[in-house]
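This briefing covers the nonpolar cores, a surface patch and the confidence of one model. The sequence and structure come first.

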Amino acid sequence: MVRSKSSRVLRSVVAWGTVLLFAFPLYYWLTVAFKDGKEIFNYPPQVWSFSPTVRNFEEIFGISLGFGFGEQREVLPGGGNWRMAPRLWDSIVIAVLSTGIAVSIATLASYALSRMEFAGRHHFVSWVLSTRMMPPVAVAIPVFFIYKELSLLDTYTGVILVHALMNLPLAVLLMKSFFDDIPHEIDESGMIDGASRFLIFRRIILPMVKGGAAATAVLCFIFSWTEFLFVLTLTQTGLKTVPVVSSTFVTSTGTAWGNMAALGAAAMLPAFLFILLVQKHLVRGLTLGSVKQ
């Protein structure tokens, strides 16, 4: 009993130590967002005791939060533009819509790959996997010229489509694994009762993989939210996402670390809220493999 209690205490200490180890960089990044330029470069670093300020947030959004800073500047010292609220909106629209398209198509495709027999099915799965292995830089330039001819540069439609296609292979492979974990006898029982394949999919199978779809959506959302190369290549003067705009804070004259940290902290909130909304289904998706025949 004593040994068992000691083991539990040791596991708890190790678990909390691991959490704190991985959470500390995030905490330090958040503290930088609330420091002025001088405190950021203090040595030794002021990790716990510093004078918080919202100046960095006021500068990047061009607003006054009532703490004495009302000046609105077009360009920050590091070179970044202060109009960041539209950039956050661009990122949200692109990430949400591209995730919805990728997961919707992947759900139908993966169900067919999991349940239906057709010639070359295994080769098709291997081909889907190979497209995910292809580096984005290999197709960025061809996609640019295609978009130029189709007038899709600097448009939501263009970026959403390329992000959906980028996430589609991963979504198909993940959803297929979730469908494979559901016993085939369920489909056979439904067909014996006279239900069509589509009715079985919509009424029985789809609710069972709701958690897997949530887990897939989270990964697709994160990949779209953090994607840099395609947005940089396919947008010029119009919409920009947070990762691309963040690069404008690094210039030959210096780096606005406080403003960059403030933008990063603000960009974490939509992703956190999205994961929080699907948290219940996400847990189900991670344990979907427990379904046994």
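The largest nonpolar core (buried Ala, Val, Leu, Ile, Met, Phe, Trp, Tyr and Cys residues joined through side-chain atoms within 4.5 Å; buried means under 20% relative accessible area, exposed over 50%, partly exposed in between, with a 1.4 Å probe and protein chains only) has 40 residues. Ile-60, Phe-61, Met-84, Phe-179, Phe-249 and Leu-263 have the most contacts inside this core. The model is predicted: local features need pLDDT of at least 70 and side-chain atom pairs 80 or more, while totals for chains, interfaces and linings use all residues. Residues are numbered from 1 along each chain as its sequence is written, and side-chain values use heavy atoms, without hydrogens or water.

**Cores**
- Helices (DSSP runs of H or I, at least four residues, numbered from the N terminus) that each supply at least two residues of the largest core include α1 (2-33), α4 (85-115) and α7 (156-180).
- Helix α13 gives the most to this core, nine residues.
- Phe-179 is in contact (heavy atoms within 4.5 Å) with residues beyond four places in sequence, among them Tyr-111, Phe-201 and Ile-205.
- A separate second core of 10 residues includes Ala-140, Val-143, Phe-144 and Tyr-147.

**Surface**
- Phe-124 lies in helix α5 (residues 121-133) and counts as partly exposed because its relative accessibility is 37%.

**Confidence**
- The average pLDDT (the predictor's confidence in each residue, from 0 to 100) of the protein chain is 80, and 87% of the residues score at least 70.
- Residues 68-81 stay under 50 in pLDDT, and residues 289-293 are also below 50.
- Where pLDDT is low, the predicted coordinates should not be read in detail.
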